[in-house]
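Trainee: Please take one part of this model and look at it closely with me. I would like to start with any disulfide bonding and then follow the chain outward from there.

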Amino acid sequence: VQLQASGGGLVQAGGSLRLSCAGSGSTFNNYIMAWFRQAPGKERDFVAVISRLGGNTLYADSVKGRFTISRDNAKSTVNLQMNSLAPEDTAVYYCAAIPINAWHIATITTARKYNVWGQGTLVTVSS
């Protein structure tokens, strides 16, 4: 599958953004989908993940209650709704896919386990 992320931009603290990631080239529901983010000078961190059929989700503690991941397999898209944004949310956001079914937390929250990545979209939150 190939991934194309979109939806980033500049927003004031407290605002909202919705990121989208469109998949193509393979059966989308064969993949667990996730969002990671990378701030300047920092490692790529886990943000959220959703199971193949959307029944399970998991969030980083830093975004829990503010961000919501969802997917539409008919449209081959995964979305990240981000509310109550704060300056520390500023980063390049990446969608990623892994062709497994097992909901193994250590695997699905680790960036190096994912073998398909979108190109990243920049989110900047001003204070």
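Mentor: The count of disulfides here comes to 1, and please keep in mind that we are looking at a predicted model. The bond joins C21 to C95, with an S to S distance of 2.1 Å. It links distant parts of the chain, since C21 belongs to strand 3 and C95 to strand 9, and the two are 74 residues apart. The torsion about the S-S bond is about 65°, so this disulfide is right-handed.

Are the two cysteines buried or exposed? C21 has a relative accessibility of 1%, so it counts as buried, the cut-off being under 20%. C95 is buried as well, with a relative accessible area of 0%.

Now stay with C21 and look along its strand. In a regular strand, side chains alternate between the two faces of the sheet. Strand 3 covers residues 17–24, and its covered face holds L17, L19, C21 and G23. The uncovered face carries R18, S20, A22 and S24. The half of the disulfide contributed by strand 3 therefore comes from the covered face, where C21 is listed, and this goes with the 1% accessibility that makes C21 buried.

What does strand 3 pair with? Strand 1 (residues 2–6) runs antiparallel to strand 3, and 5 bridges join them. Within that pairing, L3 has G23 as its bridge partner, and G23 is one of the covered-face residues of strand 3. Strand 8 (residues 77–82) also runs antiparallel to strand 3, this time with 6 bridges. There, R18 stands opposite Q81, and R18 belongs to the uncovered face of strand 3.

Strand 8 gives us a route back to the other cysteine, by way of the loops at its ends. Between strand 7 (67–72) and strand 8 lies a loop that contains S76. Phi of S76 is near 55°, which is a positive value in a residue other than glycine. S76 counts as buried because its relative accessibility is 18% and the limit is under 20%.

After strand 8 comes the loop that leads to strand 9 (91–98), and S84 sits in that loop. S84 also has a positive phi for a residue other than glycine, near 50°. S84 is partly exposed, however, with a relative accessible area of 44%.

D89 is in the loop between strand 8 and strand 9 too. D89 is buried, at 0% relative accessible area. Where does its side chain find a polar partner? The side chains of D89 and R66 are joined by a polar contact of 2.7 Å. From this loop the chain enters strand 9, the strand that supplies C95 to the disulfide.

One last stop is the largest pocket, which has a volume of about 160 Å³. It is lined by 13 residues, and the closest to its centre are R37, A39, K42, D45 and E88. Strand 4 (32–38) and strand 5 (44–50) each supply at least two of the lining residues. By type, the lining divides into 4 nonpolar, 3 polar and 6 charged residues.

To go over it again on screen, begin at the C21 to C95 bond, step across from strand 3 to strand 8, and then follow the loop holding S84 on to strand 9.

Conventions. Residues numbered from 1 in each chain as written. Predicted model: local features only at pLDDT ≥ 70, side-chain atom pairs only at ≥ 80, totals over all residues. Heavy atoms only, no water. 1 Å grid on protein atoms, 1.4 Å probe; cavity = no way out; pocket = protein on both sides within 12 Å on 5 of 7 lines; lining within 4 Å. Points joined across faces, edges and corners; volume = space filled by probe spheres on them. Helix = DSSP H or I, 4+ residues; strand = E, 2+ residues; numbered from the N terminus. Nonpolar A, V, L, I, M, F, W, Y, C, P; charged D, E, K, R; others polar. Buried < 20%, exposed > 50% of the residue type's maximum accessible area, 1.4 Å probe, protein only. Pairing = 2+ DSSP bridges. Disulfide = S-S within 2.5 Å. Polar contact = N/O pair within 3.5 Å; in protein donor to acceptor, adjacent residues only side chain to side chain.
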